[in-house]
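Colleague: I have not looked at this one before. Can you take me through it?
Modeller: Yes, here it is.

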Amino acid sequence: MVEDDREIAKNLSRLLCAEGFAVTHASTQREAGDLLAGGGRFDLALVDVSLPDGNGFAVCTQIKQAQDIPVIFLTAFGDEASVVTGLNMGADDYITKPFRPRELVARIGSALRKAGRTPTAFEIGGLSVDTASGTVKKGGAEVFLSALEYRLLLIFLCNPKSILTRERLLDELWDAAGEFVNNNTLTVYIKRLREKIEDDPADPKIILTVRGTGYRLGGGYVSR
């Protein structure tokens, strides 16, 4: 992460570490260059456009020359020219401050998947999911999910060690779903998803309820 505002960098680091990422922070263009020159290997770069000793566009060029990884620009500049410049420099995405934390995490996940730096196949409880083809199978037979059910399942698979609150699930679905989701409809979709993927929906083993908190993924999870 290349960000000169230390308060923003601290808060982003906390957010990303809580999501399971390891974060290395550079506050200037020179520090970013030193990290790259020192042989540091990374999976993705978050780069602020405005830096005290240069700009994020130059950092993006340095990164792309050193490593073939996704670059997402973080910037207060929302004008079209900055967006076009960033994308023409090879950036993979562009997000304008202020942004919602969940939106940033979702965009990071999307960029990593496109770059082939995240698992594309998951298995749990006799269920197999291939995100490359978008197929879900139970005991070898294909399971047909709606777009929102599929998105809900992916949220659990991508957060295997986390307890997901209802608020977190609603926030994630609100970013991606093309239909309105509230507390009541979330309950309905959890029920529908369990009916399609669980051996016994009344005694679920894949999506578990954490009373008073939310839900979590069951045991036996494998990704590759």
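Colleague: What classes of residue make up the lining of the largest pocket?
Modeller: This is a predicted model. In it, the lining of the largest pocket has 31 nonpolar, nine charged and seven polar residues.

Colleague: What volume does that pocket have, and which residues lie nearest its centre?
Modeller: The volume is about 1,100 Å³. Of the 47 lining residues, Glu-19, Gly-20, Phe-21, Ile-108 and Leu-112 lie nearest the centre.

Colleague: Which elements give two or more residues to the lining?
Modeller: Helix 1 (6-18), helix 2 (29-37), helix 3 (56-66), helix 5 (101-114) and helix 6 do, and so does strand 1 (45-48).

Colleague: Which of them has the largest share?
Modeller: Helix 5, with seven residues of the lining.

Colleague: Let me step back. How many helices and strands are there?
Modeller: Eight helices and 13 strands.

Colleague: And the overall dimensions, what are they?
Modeller: Along the principal axes, the C-alpha atoms fill a box of roughly 60 × 30 × 30 Å. The protein has 224 residues, and 41% of them count as buried. Among contacts between residues at least 6 apart in sequence, 55% join residues at least 24 apart.

Colleague: Strand 1 came up. Which way does strand 1 run relative to strand 4, parallel or antiparallel?
Modeller: Parallel, with four bridges joining strand 1 to strand 4. One bridge pairs Val-47 with Phe-73 in strand 4.

Colleague: What about strand 4 and strand 5?
Modeller: Strand 4 and strand 5 also pair in the parallel sense, over four bridges. Ile-72 stands opposite Asp-93 in strand 5.

Colleague: Is strand 4 mostly covered or mostly open?
Modeller: Mostly covered: five of the five residues in strand 4 (residues 71-75) are buried. Val-71, Phe-73 and Thr-75 point one way, Ile-72 and Leu-74 point the other way, and all are buried.

Colleague: Why do they split like that?
Modeller: Because side chains in a regular strand alternate between the two faces of the sheet.

Colleague: After strand 5 there is a proline, Pro-98. Where does Pro-98 sit?
Modeller: In the loop between strand 5 (93-96) and helix 5. The peptide bond from Lys-97 to Pro-98 is cis, with omega near -5 degrees. For background, most peptide bonds are trans.

Colleague: Now the open sheet of five strands. What is the strand order?
Modeller: The order is 9-8-7-6-13, with antiparallel pairing. Strand 9 (141-142) and strand 13 (222-223) are the edge strands, each pairing on one side only.

Colleague: How many bridges hold strand 7 and strand 8 as a pair?
Modeller: Four, between strand 7 (residues 127-130) and strand 8 (residues 135-138), in the antiparallel sense. Ser-128 has Lys-137 in strand 8 as its bridge partner. Helix 6 packs on this sheet, touching strand 6 (121-124), strand 7 and strand 8, and the direction of helix 6 makes about 100 degrees with that of strand 7.

Colleague: And the open sheet of three strands, what order does that have?
Modeller: 10-12-11, with antiparallel pairing. The edge strands are strand 10 (164-165) and strand 11 (207-210). Helix 6 (residues 147-157) packs on this sheet too, touching strand 10, strand 11 and strand 12, and its direction makes about 70 degrees with that of strand 12.

Colleague: How do strand 11 and strand 12 pair?
Modeller: In the antiparallel sense over four bridges, with strand 12 covering residues 214-217. Thr-209 stands opposite Tyr-215 in strand 12. Helix 8 (residues 183-197) lies across strand 11 and strand 12, running at about 140 degrees to strand 11.

Colleague: Next, Tyr-221. Where is Tyr-221 along the chain?
Modeller: In the loop between strand 12 and strand 13.

Colleague: Which residues is Tyr-221 in contact with, leaving aside neighbours within four places in sequence?
Modeller: Phe-122, Glu-123, Ile-124, Leu-157 and Pro-160. The C-alpha atoms of Tyr-221 and Pro-160 are 7.5 Å apart, although 61 residues separate the two along the chain.

Colleague: Why does Tyr-221 count as partly exposed?
Modeller: Because its relative accessibility is 24%, and partly exposed runs between 20% and 50%.

Colleague: Last one, Glu-167: buried or exposed?
Modeller: Exposed, with a relative accessible area of 56%. Glu-167 is in helix 7 (residues 166-176). Its C-alpha atom is 9.5 Å from that of Asn-182, which is 15 residues away along the chain.

Note on methods: Residues numbered from 1 in each chain as written. Predicted model: local features only at pLDDT ≥ 70, side-chain atom pairs only at ≥ 80, totals over all residues. Heavy atoms only, no water. Pairing = 2+ DSSP bridges. Contact = heavy atoms within 4.5 Å. Axes fitted to C-alpha atoms, helices over the stretch in contact; angles between N-to-C directions. 1 Å grid on protein atoms, 1.4 Å probe; cavity = no way out; pocket = protein on both sides within 12 Å on 5 of 7 lines; lining within 4 Å. Points joined across faces, edges and corners; volume = space filled by probe spheres on them. Nonpolar A, V, L, I, M, F, W, Y, C, P; charged D, E, K, R; others polar. Buried < 20%, exposed > 50% of the residue type's maximum accessible area, 1.4 Å probe, protein only.
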